[in-house]
Amino acid sequence: MTGSGWMTTPGGTGVVPAGGAEIPVRNVWLLVLYASEFYQSGPEAFDGIEEYPEKLPELLAELLVASTEDRLRRPLTPSFARTSRDLSRVRGGIDTLRTESHQLLSRGLVACRFDELTADTPRNRMIRTALESVAPLCSDEELSRRCRAQSQRLSGLGVGLLNRRAGERDAQVRITRNDARDRSVLLAAKLALELALPSGYMTPGHGRGELSERQFRHLFERAVGGFYAAHGTARGWTVQRGRKVDWKASEATMGLGALLPHMVTDVWIEDDRRGRRLILDTKFAPALTAGRFAKVTLRSGHLYELYTYVRAQEASLDRLAASAGGLLLYPAVGCSVAESFVTAGHRLGAATVDLSLSSVEVRDQLIAAVKPYLG
């Protein structure tokens with residue numbers, strides 16, 4: 001899978017890498033769902049979503065609309081925000097530069113900076129932006145109208161929109177243990193904003209958005225980790241992402257520490273009850289490449305890297321290390337690979353996830369890919 005960028009098809013039904021084959025938007029949405037904290041917090045709420053992933057915007061819209069209606073039955077919780085305003089009397093601190101440069105004193109005014117209670121909080125802006133973003137994704141026109149109506153109600157209370165074109169993100173909204181009441185709607189809002197990206201509504205009311213190769217690579221990696229984290233809970237798995245593996249280095253020279261690259265695995269899965277471990281590395285490239293003598297082979301560099309990860313984690317006191325497996329997982333279109341072998345007591349292999357198939361088949365491929373290693 002190659003290309004410098006992704007774009008939506010004219011009908012909005014697919015996402016196409018430059019020079020590549022079309023991937024249905026529903027499967028991009030499925031990856032976004034798997035990567036989301038909302039899905040990982042309770043995948044049972046999304047049972048059956050693989051059969052109808054195109055209904056995901058409606059599911060989120062219903063939740064956002066119902067939550068906003070409930071919120072507006074009582075006053076929105078305000079918070080303090082830093083405000084600048086020209087006033088006839090001093091409030092808070094004085095902005096001397098603005099006061100002098102605009103000759104405000106001659107008009108009986110002074111520039112002030114102060115904290116003011118407002119409903120235009122990052123949390124409320126995120127919910128309103130999510131309503132605006134998910135509305136055009138809904139096939140149900142009535143639901144789309146309700147999304148816009150609730151957004152207008154929030155606007156009437158002084159709540160603005162996130163400026164996503166300027167890079168303003170929802171990351172500034174922190175969800176803590178005291179936010180149990182709002183947790184679901186905030187996670188739904190975050191997911192709705194993510195859904196808007198590949199479909200071209202990244203900025204409400206503006207032009208079509210694009211999903212770059214780097215963004216898609218990151219999305220696939222997060223989706224794979226999120227899927228196994230969510231589904232591994234019931235199976236007793238421990239799933240870690242971004243786990244570092246140390247080099248078995250000895251007698252190192254003085255400057256080696258600054259030069260030795262880090263080894264960081266994408267997904268690390270352990271089944272302590274069955275005594276199994278899998279190191280999974282996602283790759284954004286074709287699984288097969290032309291070898292010598294016109295032979296098609298797995299990518300040697302990727303296999304060498306995976307082999308290094310697996311051997312580096314070996315430790316005499318670690319009972320899972322000696323038989324740990326390693327898997328290379330590739331996104332693909334129209335390609336199917338599922339091969340493995342055992343070397344030095346470790347099962348290594350490569351598998352593809354064909355994103356041109358139905359969403360149910362995408363899920364089944366993710367489950368089937370790890371079976372030879374975890375059972």
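Here are four short exercises with worked solutions on the predicted model shown above.

**Exercise 1. The six-stranded sheet**

Work out which strands sit at the edges of the open six-stranded sheet and which helices pack on it.

*Solution.* Start with the strand order, which reads S8-S9-S10-S13-S15-S14, with mixed pairing. Next, look at the two ends: strand S8 (237–245) and strand S14 (338–343) each pair on one side only, and they are the edge strands. From one strand to the next, the twist averages 25°. Now zoom in on one pair: S13 (residues 325–332) and S15 (residues 346–354) are parallel, with seven bridges between them. Within this pair, Pro331 has Val353 of S15 as its bridge partner. Finally, add the helices. Helix H8 (residues 213–235) touches S8, S9, S10, S13 and S15, and its direction makes about 140° with that of S8. Helix H11 (residues 359–374) touches S8, S9, S10, S13, S14 and S15, and its direction makes about 175° with that of S15.

**Exercise 2. The nonpolar cores**

Find the residues that touch the most other members of the largest nonpolar core, then list the contacts of Tyr228.

*Solution.* The largest core has 69 residues, and Tyr228, Leu280 and Leu329 touch the most other members. Take Tyr228 and set aside its neighbours within four places in sequence: its contacts are then Trp237, Val239, Ile269, Leu280, Leu329, Leu366, Ala369 and Val370. Another core, of 15 residues, lies apart from this one and includes Leu303, Leu306, Val337 and Leu348. As background, nonpolar side chains in soluble globular proteins tend to be buried together.

**Exercise 3. A helix pair**

Describe how H3 and H6 cross, and sort the residues of their contact by character.

*Solution.* Begin with the geometry: the axes of H3 (residues 56–71) and H6 (residues 141–156) come within 10 Å and cross at roughly 35°. The crossing is left-handed. Then collect the residues: H3 brings Glu58, Ala61, Glu62, Val65, Thr68 and Glu69, while H6 brings Leu143, Arg146, Cys147, Gln150 and Leu154. Sorting this contact gives five nonpolar, two polar and four charged residues.

**Exercise 4. The three-stranded sheet**

Explain why S4 and S5 each have one side without a neighbour in their sheet.

*Solution.* The order of this open sheet is S4-S6-S5, and the pairing is antiparallel. Strand S4 (79–87) and strand S5 (93–94) stand at the edges with a single partner strand each, so one side of each has no neighbour in the sheet. To check the S5 side, note that two bridges join S5 to the antiparallel strand S6 (residues 110–118). There, Ile94 stands opposite Cys112 in S6.

How values were computed. Residues are numbered from 1 along each chain as its sequence is written. This is a predicted model: local features need pLDDT of at least 70, side-chain atom pairs count only at pLDDT 80 or more; totals for chains, interfaces and linings use all residues. Side-chain values use heavy atoms; hydrogens and water are left out. A nonpolar core is a set of buried Ala, Val, Leu, Ile, Met, Phe, Trp, Tyr and Cys residues joined through side-chain atoms within 4.5 Å. Buried means under 20% relative accessible area, exposed over 50%, partly exposed in between (1.4 Å probe, protein chains only). Contact means heavy atoms within 4.5 Å. Axes are lines fitted to C-alpha atoms, for helices over the stretch in contact, and angles run from 0 to 180 degrees between N-to-C directions. Helices (H or I, at least four residues) and strands (E, at least two) are DSSP runs, numbered from the N terminus. A crossing is left-handed if the near helix is turned anticlockwise from the far one by less than a right angle, and right-handed if clockwise. Ala, Val, Leu, Ile, Met, Phe, Trp, Tyr, Cys and Pro count as nonpolar, Asp, Glu, Lys and Arg as charged, and the others, Gly among them, as polar. Two strands pair if DSSP finds at least two bridges between them.
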